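Work through the exercises below with the sequence and the structure open beside you. Try each task before you read its solution.

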Amino acid sequence: MKTQMIAAGLAGLLACTLAGCAGGGAGGGANPSTQVETTIGVAMPSQASQRWIADGSAVKAGLEALGYKVDLQFANDDIPTQTQQIDQMITKGDKVLIIASIDGTALTSQLQAAADAGITVIAYDRLIRDSPHVNFYVTFDNYKVGVAQATSLLYGLGLTDAKGVPVVDPPAGPLDIELFAGSSDDNNASFFFNGAMDTLKPFLDSGALRVGSGQTAFAQCAILRWEQATAQTRMENILASTYGGDGTGLAGVLSPFDGISRGVITALQGVGLGPTLAEGLPVVTGQDAEIASVKLINDSVQFSTIFKDTRKLADQAVVAASAFLQGNKPVANDTTTYENGVKTVPAMLLGVDTVNKDDIASLLISSGYYTQAQVDAGQ
């Protein structure tokens, strides 16, 4: 369904391109007369997450709507597989590479080979580090994602309103929370964590909140590859070591991704908490609006998720690729934030929305991202 929506949504852009209209967003449109033999390589990290399947399909549909050939590859979260796939794209002569990296530090030689071959590289949602050959970056405002996650946690705990304004009569503290972070090899994970910690800091400093385990450093909280099972194990260990094995006193969990959230929730329910928020399940945040977690939110199990509309991100990747192929520079709205260790990469940043139970209809169903039937089924 989403693939059809993306193709339909870009039909207007294609029509404008054919008519010679000026482009918008990240760059101008393409000239179909130059596209006949043009192939664009799209490297996605995994099919284990519904999010990346949707991203890959959306980018492919958008590029094909403009007449490009697309070489879409998924790497199953295996770094050697992704490097081999990108090597093959370069060897085959793909003109642009759109890469959502597994490990943002593992592609230096591939990007050098791409530059030597005159191939443009667009980093997709995950910044590629330690290379001067990253031409552009399309992503969401990752620091603000972390702010939104922490704000939602504070709201769920009754310390602020939905916008983060402290309430007049908050619950007596300290409220015990636990912190989870994303994969240490994903550049976005530190932005999420920093945004969240900056938001939580005043409440931690005042004693309104307390991290029961004492694990507040990014390295202690990081979940390699964002793995659900790893998150579940860490949560189980914390419950055993800090909360008497049954979760007594745990009020909330900052989770940066829906897969991690589901692992956390499984651990919490496994010791008898819940099964819903109304029945004592701690407040758990998330990210990516994965359908399985949207159902949990709808069922009052998970408290919230951060919705990053990947249709918009795919659109920006498509428009940026078209601009480069026409000899233009894509429009960036951030040229200072994303320093990759060698250069500051120009970026197009998109906004995000927090989804609580009451927001599912307006943000996800009315926009056509999901149907009610999908939300009800969780798939």
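**Exercise 1.** In this predicted model, decide from its relative accessible area whether Asp-125 is buried or exposed, and then describe its backbone and its place in the chain.

*Solution.* The relative accessible area of Asp-125 is 2%. Buried means under 20%, and Asp-125 is therefore buried. Turning to the backbone, we find that the phi of Asp-125 is positive, at about 65 degrees, although this residue is not a glycine. That deserves a remark, because most residues other than glycine have a negative phi. As for its place, Asp-125 belongs to the loop that runs between β4 (120–124) and β5 (136–140).

**Exercise 2.** Carry out the analysis for Asp-77, starting from its phi and ending with its relative accessibility.

*Solution.* Asp-77 has a phi near 55 degrees, which is again a positive value in a residue other than glycine. Its position is in the loop between β2 (69–74) and α3 (79–92). The relative accessibility of Asp-77 is 23%; since buried means under 20% and exposed means over 50%, Asp-77 counts as partly exposed.

**Exercise 3.** Find where the prolines Pro-174 and Pro-275 lie, and state which form the peptide bond before each of them takes.

*Solution.* Pro-174 is in the loop between α5 and β6 (175–179), and the bond that leads from Gly-173 to Pro-174 is cis, with omega near 0 degrees. Pro-275 sits in the loop between α9 (258–270) and β9 (283–284), and the bond from Gly-274 to Pro-275 is likewise cis, with omega near 15 degrees. For comparison, most peptide bonds are trans.

**Exercise 4.** Describe how helix α5 and helix α6 pack, giving their angle and the distance between their axes, and then look at the residues that meet.

*Solution.* Helix α5 covers residues 142–156 and helix α6 covers residues 187–206; they pack at an angle of about 40 degrees, and their axes are 7 Å apart. An angle under 35 degrees would count as roughly parallel, and one from 65 to 115 as roughly perpendicular, so α5 and α6 are oblique to each other. Their crossing is right-handed. On the side of α5, the residues that meet α6 include Tyr-143, Val-147, Leu-153 and Leu-154, while among the partners in α6 are Phe-191, Phe-192, Leu-200 and Phe-203. Sorted by character, the residues of this contact are eleven nonpolar, eight polar and one charged.

**Exercise 5.** Place Asn-356 in the chain, decide whether Asn-356 is buried or exposed, and name the residues with which Asn-356 is in contact.

*Solution.* Asn-356 lies in the loop between β12 (353–355) and α12 (360–365). With 14% relative accessibility, Asn-356 counts as buried. If we leave aside the neighbours within four places in sequence, the contacts of Asn-356 are Ser-152, Tyr-155, Ile-297, Phe-303 and Ser-304. The C-alpha atoms of Asn-356 and Thr-285 are separated by 9.5 Å, although these residues are 71 residues apart along the chain.

**Exercise 6.** Finally, consider the whole protein: how does its radius of gyration compare with that of a compact globule?

*Solution.* A compact globule with 379 residues would have a radius of gyration near 21 Å, and the protein has 21 Å, which agrees. Its C-alpha trace spans about 65 × 40 × 35 Å along the principal axes, and the protein has 13 helices and twelve strands. Of its 379 residues, 52% count as buried. Among the contacts with a separation of 6 or more, 71% join residues 24 or more positions apart.

Terms used: Residues are numbered from 1 along each chain as its sequence is written. This is a predicted model: local features need pLDDT of at least 70, side-chain atom pairs count only at pLDDT 80 or more; totals for chains, interfaces and linings use all residues. Side-chain values use heavy atoms; hydrogens and water are left out. Axes are lines fitted to C-alpha atoms, for helices over the stretch in contact, and angles run from 0 to 180 degrees between N-to-C directions. Helices (H or I, at least four residues) and strands (E, at least two) are DSSP runs, numbered from the N terminus. Angles under 35 degrees count as roughly parallel, over 145 as roughly antiparallel, 65 to 115 as roughly perpendicular and the rest as oblique. A crossing is left-handed if the near helix is turned anticlockwise from the far one by less than a right angle, and right-handed if clockwise. Contact means heavy atoms within 4.5 Å. Ala, Val, Leu, Ile, Met, Phe, Trp, Tyr, Cys and Pro count as nonpolar, Asp, Glu, Lys and Arg as charged, and the others, Gly among them, as polar. The radius of gyration is taken over C-alpha atoms; the globule rule is 2.2 Å times the number of residues to the power 0.38. Buried means under 20% relative accessible area, exposed over 50%, partly exposed in between (1.4 Å probe, protein chains only).
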